[in-house]
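User: Could you walk me through this protein model? I'm new to reading structures, so please take it step by step.

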Amino acid sequence: MMQYKNIIFDLGNVLVKLNPEGCIGAFKAIGMGELVDSNPQSEGMKLMGKLGVGMITTEAFCDAARELTGTDVTNEDIIDAANKMLVEIPDYKKERLLQLKKAGYRLFLLSNTIDVHWGYCVEHLFPYQNHGVEDYFEHCFLSQRMHLAKPDARIYEEVIRQANINPDETLFIDDLKENCEAAETLGIHTFQNVKFDDWLALTFVR
């Protein structure tokens, strides 16, 4: 049994089911396999990293991606390939978020995500009955807009400051160990979501 006032959710592999293989395949199909090279030092991954913290715009990313790969595909083709990463947010997870909010918890989202993915989630994945993303979360903190990314401690500091929350009254749910460990250094309680539905077994009390 755990007692918190605030719960911060990651997006991918916590709420959204991801399909990295589908995304890789889609980029390869349009001649942009270099963008999804698993080597973190590759030019493609460096470009992705810049986009993820807002160092470049989506349009500039598309231009740089075409230059890097020597392809002549449209921005829409690139965006469609990127969104193949996103599969679904199951209705039972959206229902759980609504239940937690109704119970009085302050819910937030903190994600290393790009505007392209976020826009797709807002339009296609979060809607449930008559609810949208604004009905689940008090505020959504996104790396591309904050110009910071997990596990940088500064992004957690900004969340604490902007949300005006007490770390000791806060639970952060993320699928990556390094992100949880970084949050813990600031006094935030964490739960590593190893399997997609693990966090649903948590018992929250007020």
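Here is a run of questions and answers about the chain and some of its residues.

User: What kind of model is this, and how many helices and strands does the chain have?
Analyst: Good place to start: this is a predicted model. The secondary structure of the chain adds up to nine helices and nine strands.

User: What is the radius of gyration of the chain, and why does it agree with a compact globule?
Analyst: For 206 residues, a compact globule would come out near 17 Å. The C-alpha trace spans about 55 × 35 × 25 Å along its principal axes. The radius agrees with the globule rule because the chain's own value is 18 Å.

User: How much of the chain is buried?
Analyst: A residue counts as buried when its relative accessible area is under 20%. The accessible surface of the chain is about 10200 Å², and carbon and sulfur atoms hold 49% of that. Of the 206 residues, the buried share is 46%.

User: How many positive and negative side chains are there, and how far apart are the centres of the two sets?
Analyst: The chain carries 20 positive side chains and 32 negative ones. Take the centre of each set, and the two centres lie apart by 6 Å.

User: Is tyrosine 136 buried or exposed, and which backbone oxygen does its side chain reach?
Analyst: Tyrosine 136 sits in the loop between α6 and β6. Its relative accessible area is 0%, so tyrosine 136 is buried. Leaving aside neighbours within four places in sequence, its contacts include Lys94, Leu97, Leu107 and His131. At 2.7 Å, its side chain reaches the backbone oxygen of phenylalanine 126.

User: How far apart are the C-alpha atoms of tyrosine 136 and arginine 96?
Analyst: Along the chain, tyrosine 136 and arginine 96 are 40 residues apart. In space, the separation between their C-alpha atoms is 9.5 Å.

User: Where is serine 42, and which backbone nitrogen does its side chain reach?
Analyst: Look in the loop between α1 and α2 for serine 42. Serine 42 has 10% relative accessibility, so it counts as buried. Leaving aside neighbours within four places in sequence, serine 42 is in contact with Glu34 and Asp37. Its side chain comes to 3.2 Å from a backbone nitrogen, that of methionine 45.

User: Is serine 111 buried or exposed, and which residues is it in contact with?
Analyst: Serine 111 belongs to strand β5. With a relative accessible area of 3%, serine 111 is buried. Skip the neighbours within four places in sequence, and its contacts are Asp10, Leu11, Phe141, Leu142, Ser143 and Lys150.

User: Lysine 150 comes up there; what is the peptide bond from lysine 150 to proline 151 like?
Analyst: Proline 151 is in the loop between α7 and α8. Most peptide bonds are trans. The bond from lysine 150 to proline 151 has omega near 10°, and this bond is cis.

User: What is phi of asparagine 13, and what is phi of asparagine 164?
Analyst: Most residues other than glycine have a negative phi. Asparagine 13, in the loop between β2 and β3, is partly exposed at 30% relative accessible area. Asparagine 164 lies in the loop between α8 and β7 and counts as exposed at 64%. Both have a positive phi: asparagine 13 near 70°, and asparagine 164 near 55°.

User: Which residues is alanine 81 in contact with, and how far is its C-alpha atom from that of aspartate 152?
Analyst: Alanine 81 lies in helix α4 and counts as buried at 4% relative accessibility. Leaving aside neighbours within four places in sequence, alanine 81 is in contact with Cys23, Ala26, Phe27 and Ile30. Aspartate 152 is 71 residues away along the chain, and the two C-alpha atoms are separated by 28 Å.

User: Last one: is histidine 139 buried, exposed or partly exposed, and which residues does it touch?
Analyst: Histidine 139 lies in strand β6. Its relative accessible area is 36%, so histidine 139 is partly exposed. Arginine 106 is 33 residues apart from histidine 139 in sequence, and 9.3 Å apart in space, C-alpha to C-alpha. Not counting residues up to four places away in sequence, histidine 139 touches Leu107, Phe108, Leu109 and Gln162.

Methods
Residues are numbered from 1 along each chain as its sequence is written. This is a predicted model: local features need pLDDT of at least 70, side-chain atom pairs count only at pLDDT 80 or more; totals for chains, interfaces and linings use all residues. Side-chain values use heavy atoms; hydrogens and water are left out. Helices (H or I, at least four residues) and strands (E, at least two) are DSSP runs, numbered from the N terminus. The radius of gyration is taken over C-alpha atoms; the globule rule is 2.2 Å times the number of residues to the power 0.38. Buried means under 20% relative accessible area, exposed over 50%, partly exposed in between (1.4 Å probe, protein chains only). Accessible areas come from the Shrake-Rupley method with a 1.4 Å probe; for residues, only the protein chains shown count as cover. Lys and Arg count as positive and Asp and Glu as negative; His and the chain ends are not counted. The place of a charge is taken as NZ of Lys, CZ of Arg, CG of Asp or CD of Glu. A polar contact is a pair of N or O atoms within 3.5 Å; within protein, one must be able to donate a hydrogen and the other to accept it, and residues adjacent in sequence count only if both atoms are side-chain atoms. Contact means heavy atoms within 4.5 Å.
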